[in-house]
Amino acid sequence: MLTPDNAEARQRAEAELNAALLARAGELEKAAADIIKTEAQSEHWLAACWRPLMMITFGILIVLRWLGWSAPGISEAEALKLWNIVEIGLGGYVIGRSAEKTLPRIVEVLRR
């Protein structure tokens, strides 16, 4: 890895790299948001609702397990995998919305 010799140039290069990474992350988040938005606006009911239905289904399975009403074949590991899917789904939405609002400001500050 090549890095500048003096500290100021190194800090500038690091700031530029961070800005580029944040911009790329913002682009990826926007692309994911565009896909979800397109699906939600679809004329076809299933295309518009499959993500929320899956999250509701996994959430219900988790709650049923907590209440002791689960299929006998579902192991603890499988229940944890369902919970991870719900966390990723909900976290992705929250993080995506937060990044959408904050990334432009962060990139602007780093460019100064």
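## Reading a helical chain

Q: Let's start with the kink in α2. Where does it lie, and which proline comes shortly after?
A: The kink is at Arg51, where α2 bends by about 40 degrees, and the proline that follows shortly after is Pro52. Keep in mind that this is a predicted model.

Q: How many residues does α2 have, and what does the helix reach from its first C-alpha to its last?
A: Helix α2 covers residues 45-66, which is 22 residues. Its end-to-end reach is 31 Å, close to the 32 Å you'd expect at 1.5 Å a residue. So read the two values side by side: the kink at Arg51 is about 40 degrees, and the span of α2 is still close to the expected one.

Q: What happens just after α2?
A: Look at the backbone there: Gly68 takes a positive phi, about 85 degrees.

Q: Which residues form the nonpolar patch on the surface?
A: They are Trp45, Leu46, Trp50, Leu53 and Met54, and together they offer about 530 Å² of accessible area. Take Trp50 as one member: this residue sits in helix α2.

Q: Why does Trp50 count as partly exposed?
A: Because its relative accessibility is 38%, and partly exposed covers the range between under 20% (buried) and over 50% (exposed).

Q: Let's zoom out. How many helices and strands are there in the chain?
A: Three helices and zero strands. Going from the N terminus, you read the elements as α-α-α.

Q: What share of the residues counts as buried?
A: The chain has 112 residues, and 11% of them count as buried. Its accessible surface is about 9100 Å², with 65% of that belonging to carbon and sulfur atoms.

Q: What about α1: how many residues does it have, and which of them are buried?
A: α1 has 34 residues and reaches 49 Å between its end C-alphas, close to the expected 50 Å. Buried residues in α1 include Ala9, Ala19 and Glu39.

Q: How many salt bridges does a search of the whole structure find?
A: First the general idea: side chains of opposite charge can pair when their charged atoms come close. Here the search finds two such bridges. Arg12 meets Glu8 at 3.4 Å, N to O, while Glu27 pairs with Arg24, with the closest N and O atoms 3.2 Å apart.

Q: Where do the partners sit relative to each other in the helix?
A: An α-helix has 3.6 residues a turn, so residues three or four places apart point the same way. In α1, which runs over residues 7-40, Arg12 and Glu8 are four residues apart, about one turn. Glu27 and Arg24 are three residues apart in α1, so about one helical turn separates that pair too.

Q: Are Arg12 and Glu8 buried or exposed?
A: Glu8 is exposed at 56% relative accessible area, whereas Arg12 is partly exposed at 46%. For the other bridge, Glu27 is partly exposed at 46% and Arg24 is partly exposed at 47%.

Q: What separates the C-alpha atoms of Asn18 and Leu110?
A: Just 7.8 Å in space, although the two are 92 residues apart along the chain. Asn18 belongs to helix α1 and is partly exposed, at 33% relative accessible area. For the chain as a whole, 51% of the contacts with a separation of 6 or more join residues 24 or more positions apart.

Conventions. Residues numbered from 1 in each chain as written. Predicted model: local features only at pLDDT ≥ 70, side-chain atom pairs only at ≥ 80, totals over all residues. Heavy atoms only, no water. Helix = DSSP H or I, 4+ residues; strand = E, 2+ residues; numbered from the N terminus. Expected span 1.5 Å × (residues − 1). Bend = angle between axes of the 7 residues up to and from the residue. Patch = residues over 30% accessible without salt bridge, like charges linked within 9 Å, V, L, I, M, F, W, Y side chains within 5 Å. Areas by Shrake-Rupley, 256 points an atom, 1.4 Å probe, with all protein chains shown as cover. Salt bridge = Lys/Arg side-chain N within 4 Å of Asp/Glu carboxyl O. Buried < 20%, exposed > 50% of the residue type's maximum accessible area, 1.4 Å probe, protein only. Contact = heavy atoms within 4.5 Å.
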